[in-house]
Structure formats: C-alpha cells, structure tokens
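Please work through the exercises below with the sequence and the coordinates open beside you, and try each task before reading its solution.

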Amino acid sequence: MRHIAWRVRLAGAAAAVVAAVWTVGGAPPAPGAPAPPFIFGLSSEPPNLDPHVSNGAAAQTVKMQIYRGLFKLDERGRVVKDLVASYDQPNPTTYVFHLRPNLRFSDGSPLTSADVVFSLQRIADPKTGAYLKKRFGDIESVDAVDPQTVKVVLHSPDAVFITLLALPQAAVVSKAFTTAHNGDLKTATMGEGPYVLSAYQRGVQVSVTRNPNYYGAPAKMAEIRFVFYPDDNSRVAALQSGAVDMIEYVPWQDITAIKTNPQFGYQGTNGPFMYLTFNVTQPPFTDARVRRALGYAIDRDAIIKTAFFGRGGPIYGLPIPPGSLAYDAAATRYYTYDPGKAKQLLAEAGFGNGFTATLLSTAQYGMHKDTAQVVQQNLNAIGEHITLALPDWPTRVAAGNDGRYQFSVMGTVGDYNDPDFLSFFLHSGPTYYADSAGYVDQAMDSMLDQARATLDPAKRKALYVQIEQRELAEAPYIFLTWREQGYAYRKGVEGFHLLPGFQAFYSPYEFETMTVAR
Amino acid sequence: MLRYAVRRAAAALVLVWVVATLVFAFLRLLPGDPVLVILGSESGAQAPSPDQITAVRRALGLDQPPAQQYGRWLARLVRLDLGTSLYDSTSVTADIAQRLPTSLELIVVAVALAVAGGVVLGLAAARCRGTWTDAALSGLLAGGLSIPVFVTGTLMVLVFGVILRWVPIGGFVPITSDPGAFARQLVLPAVALAFGLLGIVGRITRGSVLEVLHQDYVRTARSKGLGEPQVLARHVLRTALIPIVTVVGVQFGILIGGTVLVEYIFNWPGISTLLFTAIQRRDYPTVQGVVLVTSAMFILINLAVDLLYAVLDPRIRYEGET
C-alpha cells in the first residue's frame with residue numbers, strides 16, 4: 001500500500017503547483033504598468049515580410065506599418081505624397097521627386113535618393129520576385145540627381161504611375177540594410193514607417209512598436225500586436241471574448257451578428273470579386289456566344305446567398321467600382337439572369353443539346369468551391385453537363401498557368417480603382433491562372449496601351465468606354481459577384497477608415513492614427 | 001535484450017531513410033509549383049513575368065534535376081541539416097525545433113489526461129458491467145470516439161471562452177515566459193484533444209479488463225484474501241495494460257503531426273500547422289523536414305513500445321532472444 005500513498009501525495013503536490021501557478025498567472029497587472037498593446041486578429045501568418053513581394057493581404061497589413069513609399073493613400077483612398085515633399089513632371093515621361101528633408105530609417109540612418117533608386121531597381125530585378133516588376137518594366141531610367149532628388153524616366157507616358165508608387169509593394173527599403181542582408185528581406189526587417197518590428201513569435205504573433213524616427217506624427221498607439229487566427233470561427237470568437245481588439249476578414253456568416261451588436265463596430269465594402277475565366281482555345285468556349293450565354297445563365301444572387309451569406313453584390317457586366325473614372329452604370333447591368341436567353345445563345349452556337357465541360361475551382365477556399373457549385377447547378381439546370389474539378393490551391397494554380405482547363409472560377413481584387421486594372425485581365429500576355437487562357441485581342445491591347453498612355457481624364461474615359469463595350473461583346477470573362485471585405489473592432493476603437501472599393505486592403509495605412517479607449 | 005534492441009533500432013533507421021525518400025518523391029509528383037505560389041497570392045491580379053519565374057526558380061535551386069536535388073538533400077540530412085524554407089529562408093531544423101516541443105507539450109498533457117481518465121472510466125465501466133453506470137460511461141466514451149474534435153473544440157471555445165470566459169479561447173504563451181498563462185492556454189486544446197483519446201483508451205480498458213477479470217489467476221488472487229483494490233491494481237490492470245500501452249503508443253505517434261485541427265481551432269503553434277501550411281504552399285524543404293522528423297518519432301515510439309512490451313511481458317523478451 002505504501003507506494004500507492006506516495007503516488008497520491010505526488011498527484012496532490014502537482015495539483016497544488018498547478019493551482020498556485022494558475023493564481024499567480026491570473027493576477028491583474030501591477031498599477032503603473034505600460035498600456036497593453038493593441039491586439040489585431042490577423043487572418044494568417046505572413047509567409048515572409050519582404051515588402052516588394054506580394055504574399056497576401058494579412059502580410060501586407062503588417063508590412064504597411066513598417067514600410068512606406070514615395071506616395072500613399074489617405075483615409076479616403078486618394079493618392080497623397082508620403083516620403084515625397086513635392087514632384088514635377090517636366091514632360092509626360094519624366095518625373096522628378098523631391099524627398100522630404102531629414103528622412104531617416106528606423107535605425108536612425110538617413111534615407112536618401114540612393115535608397116529610392118535602390119528600391120526601384122530591386123523591384124525591377126527578376127530575382128526579387130517583386131509584385132510590381134512587370135509594371136515597372138515601363139521605367140527607362142532611375143537616377144539620383146542629388147541626395148534629395150530622384151529622376152525617373154518612363155518609356156511612354158503612364159497615367160497610373162503615381163498610383164503604382166502609392167501601393168505598399170512600392171515601399172522604399174534601405175540600401176545599406178538590404179545589402180548587409182544579401183538582399184534578403186524575408187525576415188530581416190527595417191523600414192521608415194510609423195512602426196518597427198519588435199518581436200516575432202513564429203506561428204503565434206508579430207509585434208510592432210512606435211518608430212521614434214518616423215517623419216510624421218508619432219503613431220498614436222505604442223504597440224500593435226498581430227496575433228494569427230487562421231480559423232474563421234476562432235478569429236470571431238477572439239473578438240467576442242475580448243482577446244483581440246480588431247479583426248480583418250470578418251467571415252460573411254458573422255457580419256450581420258457583429259453589425260447589429262452594439263459592443264462592436266464594423267466597416268465593410270464590396271472590394272474583391274468572383275469571375276469565370278475561359279480557355280478560349282478549346283471548345284465550347286472558343287465561341288463568344290457560348291461565353292455570353294454564361295453571362296445570362298448564372299444566378300448571381302444564388303452565389304451571394306450560398307457562398308457569401310448575402311454579403312456581396314451581383315455583377316451583371318464589368319466589375320467597375322462606383323466612383324471609378326470608367327464607371328458606367330449601363331456596363332454593370334449588361335446581363336440579366338435569363339436562362340431562356342442563355343439557351344437561345346447556346347442553340348445559335350450549335351449547342352442546342354447542351355455541352356459537356358469541366359469547371360476548375362479549388363476545395364481549399366470555400367468561396368471558390370461554393371461559387372463553382374452554383375455555376376454547375378445553374379448550367380446543368382439548362383441542360384449542360386458540367387463536372388467540377390476541385391484540387392487544392394497550388395494544383396489549381398498550376399493547371400491555370402498551363403492552360404489545362406476549360407473554364408474556371410477565380411476571385412481577385414483590382415490593385416487600384418483606376419480602370420487601368422482592366423489591363424491585368426484584358427491585355428494579352430503569358431498564360432496566367434487569373435486570366436482567360438489563350439485570349440489575345442490585338443485591338444484590345446492597343447486600346448489598353450493607349451488608355452494608359454493618355455493623361456487627359458476625359459479622353460481616357462472615352463477610351464475605357466470603348467474597352468468596356470469590346471469586353472462585353474467578346475466576353476473573354478464573365479464576372480459574377482462582389483464579395484464584402486470587412487473589419488470589425490470592439491467599442492472604443494476610433495479612427496479606423498475603410499478605404500473604398502478595391503482599396504479596402506490598403507486601409508491599414510491608417511492604423512497609425514487609430515486610438516483605443518479601455 | 002540488448003541484441004533485440006539493437007536489431008530493432010537498425011531496422012528503424014532504414015525505415016526512416018525509406019520514409020525520407022518517399023516523401024521527397026511524392027512531393028515532386030504532386031502537381032503545383034512552389035515558385036508560382038511564391039510569386040502570386042490567392043488574389044494575384046498581376047501576372048509575374050517569365051524572367052521572374054526563371055530567376056526565382058534558380059535562386060531556390062528548383063531548376064536542378066530532381067536526382068541532384070535529392071542527392072544534395074540527403075548529403076545535408078546526414079549532417080542533420082534539413083535545409084531552409086522556400087518562403088522565409090529560415091532553417092527548417094530551427095522551425096521544427098521550435099514547433100515540435102509546442103506540439104509535444106499539448107500531446108503529452110492530452111495523452112496523460114486521456115490515459116488517467118480512460119483507465120479509471122474503463123475500469124469503472126468494466127466493474128459495473130451491465131448496469132446503468134456502464135451504459136452511461138460507455139455512452140460517454142463512444143461520444144469521445146465519434147464526435148470529431150472540431151465539434152467539441154468549437155463548442156468548448158464557445159462555452160468556456162466566449163460565454164463563460166473562464167479560459168482564453170486560444171493562443172500560446174511559452175511555458176518559459178509565463179507558466180501560468182501557458183497552463184491556462186493549454187486547458188482547452190488539451191481537454192479537446194484528450195476527449196477523443198479518452199474514448200479510445202476507455203473502451204480498450206473496459207474490454208481488456210473484462211477479459212482479464214474472468215481469468216483463473218484473478219479468482220485465485222481473490223480467494224487468497226486480497227482486497228479488491230489490490231486485485232485490480234496488481235493482477236488485473238498489469239495484464240490489461242498491454243493493449244492499452246499499444247494503443248496509447250500508436251495514438252501518441254499519430255498525434256505528432258496529426259493535431260492540425262486542434263492547433264487550428266485553438267491557435268496552438270504546433271508542428272501539424274507548420275506541416276499543413278507548408279503543404280499548401282508547396283514548401284518542399286519544410287514538408288520534407290516535418291514528415292521526416294514526425295515519422296522518425298513515430299518509429300521511435302513504436303520501438304519504445306516494443307521494448308516496453310518486453311518489460312511488461314517476459315515472454316516477448318525471451319522470444320526476441322532466440
């Protein structure tokens with residue numbers, strides 16, 4: 001019996017230790033302790049923190065606190081000067097940027113034109129894998145005129161060049177710091193933004209603290225801690241339980257409950273959108289009438305209800321956000337949900353008895369899968385024979401890039417509200433999973449090039465009207481629905497401004513002016 | 001005994017190499033190109049240029065023929081270097097060294113809870129066989145076995161985290177930085193994970209004990225006047241323990257790298273999450289490293305269980321000697 005008694009005592013001791021530790025750990029913070037950090041529930045862990053590489057909105061949210069560029073977006077989404085104090089455009093292809101005086105990186109070293117030149121060159125280097133590389137191919141030369149002045153010469157005029165410089169992927173990095181880290185900024189992080197990276201607990205959280213060397217007004221909150229909550233339910237539960245102050249990517253099923261709860265604030269916008277891409281080199285989608293038939297055959301409201309719990313909006317034409325230069329109400333209401341008309345178009349194209357096709361989507365993202373299922377149902381209901389292919393995301397990307405599909409469901413967001421974003425879809429180029437495979441239209445290409453090179457807004461608008469008409473007639477894409485993108489926060493959080501339309505993902509630019517009352 | 005152990009260890013080593021090779025091969029057979037995932041996020045409107053794809057592929061060493069990549073990887077492996085992640089150029093060994101203990105902390109506590117609870121409940125159910133107590137306990141154990149962890153986990157988050165607010169809903173604090181917070185964070189995921197295991201351990205215990213209870217030597221023990229606790233502890237449980245040890249060993253192995261749902265729900269930064277995201281991104285070195293280490297541990301645990309049998313049951317030991 002003796003050894004049993006010994007075990008009981010041991011268990012008792014262990015329980016006592018646990019209880020003691022519990023009580024100590026649960027004690028309230030001592031008075032006079034620094035203010036607790038602002039806690040933000042991030043939807044995923046950043047794959048890395050290289051500012052020039054695009055790796056998801058969650059990563060960008062963190063990078064935008066640490067890095068800044070020549071321009072940025074203000075709280076209403078307008079392009080405004082950031083590191084630049086002023087700039088001249090002596091001719092349509094030349095920009096001269098004058099930096100603000102006494103700019104410094106967070107390590108105290110001066111930020112000069114050499115760093116700006118280095119950053120633009122780093123983006124242009126294919127090894128970097130920079131998001132804006134292809135667009136910056138327009139740049140003919142970048143030179144440091146003096147330590148405060150940078151001169152950029154373009155091959156041809158570009159109406160959105162300054163807008164591009166306001167994107168977070170155009171951040172300015174330190175030449176000395178980057179060189180010291182062999183060009184690798186994936187984990188080595190040092191910028192000039194309102195915050196500096198202060199702690200990174202892999203798989204758990206990343207913290208940023210106020211940058212004392214920031215040129216602007218010091219960030220209002222001393223520390224922001226980004227905690228990773230990849231699971232939708234956990235992220236919402238974290239907000240509801242008070243574990244976090246704010247979350248991004250509010251799941252659609254929870255938006256209504258959060259909006260109506262007085263304990264929380266919510267801001268959402270129709271930013272990203274869903275659409276269909278086609279392999280236009282393979283029947284039946286070689287025929288524009290078949291593609292147009294799909295514009296009439298798919299019930300957008302059913303997609304919004306099924307995939308987005310009613311949080312979104314139908315697109316029966318082109319995804320041009322209201323307020324955009326090229327917004328044309330008629331172009332957004334081009335199609336209607338009209339299965340009869342769809343059947344008629346298909347009959348004209350010689351598919352009166354229906355066609356057989358496989359729709360590529362992915363099981364990895366619920367919204368892609370649910371959208372695909374509605375498309376399948378709608379088409380099968382009018383006599384087509386659609387099967388779904390739902391591999392994981394990398395497989396789906398590879399199939400798209402190889403053009404190994406007939407038609408596919410995609411979702412994305414424009415980089416900026418300027419209608420030039422249409423060129424990502426409509427301009428010919430290498431086969432890319434977000435684009436319709438094999439779609440090449442030289443007339444369209446030259447219209448898009450011309451619209452980009454035209455600086456006069458009225459002339460540009462006229463050109464985009466033509467581009468829109470041609471897209472609707474040829475239907476290389478069928479756009480389906482907007483989906484709502486929202487942030488939720490607890491009462492007491494003030495000063496958050498959701499940027500409109502596509503720019504919703506750039507809202508974290510303004511975190512520096514947010515406050516929280518506890 | 002020593003020869004038996006050495007032979008088993010050598011076989012385990014060969015098995016690890018086979019696993020390593022299979023992982024390497026299967027990953028390359030899997031469709032999907034890490035370079036494309038690196039260059040475009042899930043909403044990548046802008047296509048990367050072809051020269052970028054080539055340059056990034058070369059920078060990551062993915063332009064070399066698979067045989068050469070395999071050779072290089074094995075050569076590094078011998079030096080215990082698992083390579084660097086394609087995403088953040090951190091060492092895979094360091095990543096695993098950070099994530100594995102986190103997973104083990106969760107698994108050890110969950111297994112301990114499940115074994116303690118499962119053995120007691122299983123024993124009780126067996127002792128009260130055919131009564132209402134047995135039915136209730138068996139029902140509970142069947143529930144543990146059949147309710148998926150994402151249901152129990154999410155329910156626990158809702159009840160104890162959001163409504164009652166007794167414990168944090170998820171997250172992780174290293175035990176070294178704040179043991180109290182660590183313990184509080186651990187409660188929900190450990191209990192959720194233990195609940196499923198409890199069903200397995202409890203049912204095995206019940207069945208195993210029932211079998212042993214009717215053995216002659218148990219009757220002998222009783223008839224020579226031993227008290228019931230001693231009969232159960234010394235004669236029944238010791239024999240009944242063998243299937244339990246087997247099951248716990250196998251389950252422990254499965255849990256290493258198999259707790260992805262619990263980690264996901266409770267934000268526990270374990271090795272399963274590392275593996276899961278690495279597969280989604282086709283981060284070859286990380287997937288290879290994690291699968292290799294977890295399967296090595298699985299093999300090691302099986303080895304330990306085999307050796308433990310030999311300790312528990314002399315017959316196995318002697319067979320091994322012949």
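The exercises that follow concern a predicted model.

**Exercise 1. The nonpolar core**

Task: Identify which residues touch the most other members of the largest nonpolar core, and find which helix supplies the largest share of this core.

Solution: Begin with the membership, which comes to 234 residues, and in which Leu70(A), Phe97(A), Phe136(A), Leu276(A), Leu294(A) and Phe407(A) touch the most other members. Next, sort this core by element: its largest share, 13 residues, comes from helix α8 (residues 179-213) of chain B. Then take Leu70(A) and leave out residues up to four places away in sequence; what remains in touch with Leu70(A) is Lys81(A), Asp82(A), Leu83(A), Val84(A), Phe97(A), Leu99(A), Val116(A), Leu165(A) and Val172(A). As background, nonpolar side chains in soluble globular proteins tend to be buried together.

**Exercise 2. The strands around β14(A)**

Task: Determine in which sense β14(A) pairs with β15(A) and with β16(A), and state the hand of the β-α-β unit.

Solution: First, strand β14 (residues 356-360) of chain A and strand β15 (residues 385-389) of chain A are paired in the parallel sense over five bridges, and within this pairing Thr358(A) has Thr387(A) as its bridge partner. Second, helix α11 (residues 366-381) of chain A joins β14(A) and β15(A) in a β-α-β unit that is right-handed. Third, β14(A) also pairs in the parallel sense with strand β16 (residues 407-412) of chain A, over two bridges, where Leu360(A) has Ser408(A) as its bridge partner.

**Exercise 3. The two domains of chain B**

Task: Describe how domain 1 and domain 2 of chain B meet, using distance, contacts and buried area.

Solution: Start from the domain assignment, which gives domain 1 as 2-92 and domain 2 as 93-321. The C-alpha centres of these two domains lie 32 Å apart, while 34 residues of domain 1 are in contact with 26 residues of domain 2. Together the two domains of chain B bury about 2700 Å², of which 66% is on carbon and sulfur atoms. Finally, Tyr4(B), Leu27(B) and Val92(B) supply 24% of the area that domain 1 buries against domain 2, more than any other three residues.

**Exercise 4. Ser43(A)**

Task: Decide whether Ser43(A) is buried or exposed, and list its contacts.

Solution: Locate Ser43(A) in the loop between β1 (38-42) and α2 (57-66) of chain A. Its relative accessibility is 14%, and Ser43(A) therefore counts as buried, the cut-off being under 20%. Setting aside neighbours within four places in sequence, Ser43(A) is in contact with Ala58(A), Tyr229(A), Pro230(A), Arg235(A), Glu248(A) and Tyr249(A).

Technical notes: Residues numbered from 1 in each chain as written. Chains lettered and ligands numbered in written order. Predicted model: local features only at pLDDT ≥ 70, side-chain atom pairs only at ≥ 80, totals over all residues. Heavy atoms only, no water. Core = buried A, V, L, I, M, F, W, Y, C linked by side-chain atoms within 4.5 Å. Buried < 20%, exposed > 50% of the residue type's maximum accessible area, 1.4 Å probe, protein only. Helix = DSSP H or I, 4+ residues; strand = E, 2+ residues; numbered from the N terminus. Contact = heavy atoms within 4.5 Å. Pairing = 2+ DSSP bridges. Right-handed = clockwise from strand over helix to strand, strands pointing away. Domains from an automatic or database assignment. Buried area = accessible area lost by both parts, 1.4 Å probe.
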